[in-house]
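Dear colleague,

Please find below the structure that I am handing over to you, together with its sequence. My notes on what was found in it follow directly after.

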Amino acid sequence: VFNHVVRAPEDPILGVTVAYNKDPSPVKLNLGVGAYRTEEGKPLVLNVVKKAEQQLVNDRSRVKEYLPIVGLAEFNKLSAKLIFGADSPAVLENRVATVQCLSGTGSLRIGAEFLARHYHQKVIYIPQPTWGNHPKVFSLSGLSVKTYRYYDPATRGLDFRGLLEDLGSAPSGAIVLLHACAHNPTGVDPSLQQWEQIRKLMRSKRLMPFFDSAYQGFASGSLDEDAQSVRLFVADGSECVVAQSYAKNMGLYGERVGALSIVCKSADIASRVESQLKIVIRPMYSNPPIHGASIVACILRDRQLYHEWTVELKAMADRIIRMRHQLYSALQERGTPGDWSHIIKQIGMFTFTGLNSKQVALMTAEFHIYMTSDGRISMAGLSSATVPHLADAMHAAITH
Ligand code: PMP
């Protein structure tokens, strides 16, 4: 009965790793998936995560019972404080409904499902380009997906005028997906002044901000700085939806730990919203897993561990920024034609190189370097030892 099933294509991002794994070359390099690697090219488990796990193991009173549908209450409270700020009136006034979800993706999905059921506008505007999973998550949740201009290939920067025009002509009440920081795939973020203009425009048109915060602390190295865009919107007292992921900033990728927060106008509304989020979650996966959220709660509740986390986080962010400078210098040394300053200007895990799919294909075929066909490279997958190889490949692709 399944004979008619046709083979589906590999996921465009995860498929890069599949191809990489099949390549026997010793010089192969995977710059596709956005996962942090050390200078030695190894995945990293943060020290604070190891310490928190040790605490959990030593705690004999811990059991493996089901969590509530909304997850670990302490984790939810601490996650809201992390993104909105401990002194945020929305948090202090209990106007935020926060539920633990399956990392960033699960948080986006639950948020989108909730909006599709309970929000009057079913249109969501996503930036062009954006993370490849966004359009699928939103359309399968029952929202209708449109795009707004974001990136200008000519300047390799923000198309701010295009963005304002497109949001300005969106229907009143439309939902707008915003990357809180470290826009994926472009690495291009609005300045704080530009965020303020975006906020003013969106509030005047009653557009609903839906923030995707997958890189808090990873962009600048500062948790507060990377939350500024979100906090700007929450400070005006209006509604806001935020999906948070701990995949990158705590290195908890496979633990699938994240949170969805819906900021409401009153505590009473927030509690009704939470009751409806439970109705969305229960038939999907019943309740979220306990381990990852317990690690996060351990770290966020403990002053010392929290401090150690910020130090480790900054070290990861700084290493990525160092890779940007090294790659930029390596291209300068080779005299690679073109202006490569965007490599050091862009923010976060990725550089949107501007290489086209043909050039990417050449780099894969001849240099065994793997990346998405849009020319996005994960700076976190680079090290001082591999930068020259990448620079050689880019030089060859450009001068081919
Ligand atoms: N949003 C963006 C912009 C991302 O880059 C990612 C991870 N690549 C996610 C959401 C979701 O990640 P996860 O589900 O692993 O938290």
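Helix α5, residues 103-118, gives the most to the shell around the ligand, contributing three residues. The residues around the ligand are Gly34, Ser103, Gly104, Thr105, Trp131, His179, Asn184, Asp212, Ala214, Ser245, Ala247 and Gly258. By class, this shell holds eight polar residues, three nonpolar ones and one charged one. Please bear in mind throughout that this is a predicted model.

Two prolines deserve a mention for their peptide bonds. Most peptide bonds are trans. The bond from Asn184 to Pro185, however, is cis, with omega near 15°. Asn184 is also one of the residues around the ligand, while Pro185 sits in the loop between β7 (175-179) and α8 (192-204). The second cis bond to report runs from Gln128 to Pro129, with omega near 0°. Pro129 belongs to the loop that lies between β3 (123-128) and α6 (134-140).

A further backbone feature concerns Arg206. Most residues other than glycine have a negative phi. Arg206 is not a glycine, yet its phi is positive, at about 55°. This residue is located in the loop between α8 and β8 (208-213).

The overall division of the chain is as follows. Domain 1 comprises 14-44 + 318-399, and domain 2 comprises 66-301. The C-alpha centres of domain 1 and domain 2 are 29 Å apart. Their contact draws 15 residues from domain 1 and 18 residues from domain 2. On the side of domain 1 that touches domain 2, strand β11 (residues 350-352) supplies the largest share, namely three residues. That side of domain 1 consists of seven nonpolar, five polar and three charged residues.

I turn now to three pairs of helices that pack against each other.

The first pair is α14 (residues 357-367) with α15 (residues 387-399), whose axes lie 9 Å apart at an angle of about 130°. Because of that angle, α14 is oblique to α15. The crossing of α14 past α15 is right-handed. From α14, the residues Gln359, Leu362, Met363, Glu366 and Phe367 meet His389, Asp392, Ala393, Ala396 and Ala397 of α15. The residues of this contact between α14 and α15 comprise six nonpolar, two polar and two charged.

The second pair is α7 (residues 160-168) with α8, which pack at an angle of about 15° with their axes 10 Å apart. How does α7 therefore run in relation to α8? It is roughly parallel to α8, since angles under 35 degrees count as such. The α7 and α8 crossing is right-handed. On the α7 side the contact is made by Phe160, Leu164, Leu167 and Gly168, and on the α8 side by Gln194, Leu201 and Met202. Five of the residues in the contact of α7 with α8 are nonpolar, two are polar and none is charged.

The third pair is α11 (residues 291-301) with α12 (residues 303-334), whose axes come within 5 Å and cross at roughly 100°. That crossing angle makes α11 roughly perpendicular to α12. Here Cys298, Ile299 and Leu300 of α11 meet Leu305, Tyr306 and Trp309 of α12. The contact of α11 with α12 has six nonpolar residues, with no polar and no charged ones.

In closing, let me return to two points. The shell around the ligand has eight polar residues, whereas the contact of α11 with α12 has no polar residues. As you look through the model, the cis bond from Asn184 to Pro185 may be viewed together with the ligand shell, where Asn184 is listed.

With kind regards

Note on methods
Residues are numbered from 1 along each chain as its sequence is written. This is a predicted model: local features need pLDDT of at least 70, side-chain atom pairs count only at pLDDT 80 or more; totals for chains, interfaces and linings use all residues. A residue is near a molecule or strand if its C-beta atom, placed from the backbone, lies within 6 Å of it. Helices (H or I, at least four residues) and strands (E, at least two) are DSSP runs, numbered from the N terminus. Ala, Val, Leu, Ile, Met, Phe, Trp, Tyr, Cys and Pro count as nonpolar, Asp, Glu, Lys and Arg as charged, and the others, Gly among them, as polar. Axes are lines fitted to C-alpha atoms, for helices over the stretch in contact, and angles run from 0 to 180 degrees between N-to-C directions. Angles under 35 degrees count as roughly parallel, over 145 as roughly antiparallel, 65 to 115 as roughly perpendicular and the rest as oblique. A crossing is left-handed if the near helix is turned anticlockwise from the far one by less than a right angle, and right-handed if clockwise. Two residues are in contact if their C-beta atoms, placed from the backbone, lie within 7 Å. Domain bounds come from an automatic or database domain assignment.
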